[in-house]
Amino acid sequence: MGVALLFVITLALVWLPRNEEEAPRRPAQLPMLPHIAPVSEVWPEAVSVVPAERKDGTWLWPIGSLGQDELLLMTDERTPEFISFNTRTKRQQVVARAPKWAECGGCFEIQKTALGATQVALIVKGYVPGTSAGGQRHYEVWAMPRAGGTMHMVARLPLSVQAEGAYIDGFQIVGENAVWWGYDGGIWRVSLRGGEPEQVLPGRRLRVSSWPWAYDRYEQIVINLDTGQEAEVTEAEDLEHRLACGPAWCVGEDWQELWKVTRATVLRVDGSDRITVPGDALLMRPPIRDRLALLGVPTVDGDDSIPNTWGAATLGHVMQVYDRCTRKAALLGSYALTKAEMPWGEIKIGVWPQDGPLLYWRTTRNRLIVVDLARVGVSPCSV
């Protein structure tokens, strides 16, 4: 019996993976991290400075771009106002106000906002008056003209439809419809003219990159939600644990090597044309417009001197945008912001249209840096 047991233990040691057999020791000197220039130097045309507060102290949140020099802002109030802000002249103009649904104080909250070619859509969470935030709730979809005007309710969602802000991964206007999807893979659509919401491909666990493209990580398939067209993701098994794909390009990450600079990979759906980028793919989003990858900044795996402060739920205070066509990378956020200033220094996100979202962060109490990713990487792609 003792000989048999010894034989089993010996076999287990022989087949033990090398990285578990002997972990690399911390080297005397860690590798140097590559320098990433701030986005204001790499793509200055995409950067604007926006006030973070009005004169009365009300906070302002950037939502999306209305044009070359116009941003749409929203006030942080129970009855919010929507403001057009000219980045060149600094002029502010109120274009819409929340309707009477907000008069009951805290019983309505805007969960998500979407910006289309002609309309703005909102998912609004409502409480029964007199109940707490944990009481009976319902969700409604509202809309208003993009140029400003009266807001109107589009539809009240059935109680079976989940639309909590923390649940929603994406919300967009597509033609005459508002579409949204959750982190659990559920996808919903409702006409902005009114009607009942319908679930798109129920039973599939899909991660929408930008309508109509979604990625089924379990089946390793990219699917067009409008046409049903499917494409198999191949030659990417080494990246599967952190892989996200759009119509033609993916972002992934293999297991990081201890005491080495972290690395992400940008590659085609068929596994070809791989590009290794210093950084990580924790956000697990495919390239925006099949071109721009949002990545974590490069760190040394195992080194906690630069903590990794972001992931699916938060963007942290520093990250990078990488353009696979020009091979340029730019830093978003700031290393200079201390933990004591958080969450002021956290990178936040506006609406996420097909061309890419606004990202923004505070640098002082009344100063926001806003980056419009739709204005990054607009030159012809050579790759």
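## A four-stranded sheet and two pockets

In this predicted model, Phe82 has Ala96 of strand 5 as its bridge partner. That pair belongs to the contact between strand 4, which covers residues 81–86, and strand 5, which covers residues 92–97; the two strands run antiparallel and are joined by five bridges. Strand 4 and strand 5 also make up a hairpin, with five residues between them, and in its turn Lys90 has a positive phi of about 70°.

Strand 4 has a further partner in strand 3, residues 70–75, to which it is likewise joined by five bridges in an antiparallel arrangement. Within this pairing, Leu71 finds its bridge partner in strand 4 at Phe85. Taken as a whole, the open sheet consists of four strands in the order 2-3-4-5, with antiparallel pairing. Its edges are formed by strand 2 (60–65) and by strand 5, each of which pairs on one side only. On average, and with direction ignored, neighbouring strands of this sheet are turned by 30° against each other. As a general matter, the strands of a sheet pair through backbone hydrogen bonds, in either a parallel or an antiparallel manner.

The pockets are a second topic, and the table sets out the two largest.

| Pocket | Volume | Lining residues by class |
|---|---|---|
| Largest pocket | About 1200 Å³ | 22 nonpolar, eight polar, 10 charged |
| Second largest pocket | About 300 Å³ | 10 nonpolar, two polar, four charged |

The lining of the largest pocket comprises 40 residues, and those that lie nearest its centre are Gln111, Lys112, Ile349, Gly350 and Tyr360. Two or more lining residues come from each of strand 2, strand 3, strand 6 (108–115), strand 10 (168–174), strand 14 (207–210) and strand 25 (348–349). Among these contributors, strand 6 gives the most to the lining of the largest pocket, namely six residues. The sheet and the largest pocket are thus linked through strand 2 and strand 3, both of which are members of the 2-3-4-5 order and both of which give two or more residues to the lining.

The second largest pocket is lined by 16 residues, of which Tyr183, Arg207, Arg217, Tyr218 and Met284 are the closest to its centre. Its lining includes four charged residues, and two of the residues named as closest to the centre are the arginines Arg207 and Arg217.

How values were computed. Residues numbered from 1 in each chain as written. Predicted model: local features only at pLDDT ≥ 70, side-chain atom pairs only at ≥ 80, totals over all residues. Heavy atoms only, no water. Pairing = 2+ DSSP bridges. Axes fitted to C-alpha atoms, helices over the stretch in contact; angles between N-to-C directions. 1 Å grid on protein atoms, 1.4 Å probe; cavity = no way out; pocket = protein on both sides within 12 Å on 5 of 7 lines; lining within 4 Å. Points joined across faces, edges and corners; volume = space filled by probe spheres on them. Nonpolar A, V, L, I, M, F, W, Y, C, P; charged D, E, K, R; others polar.
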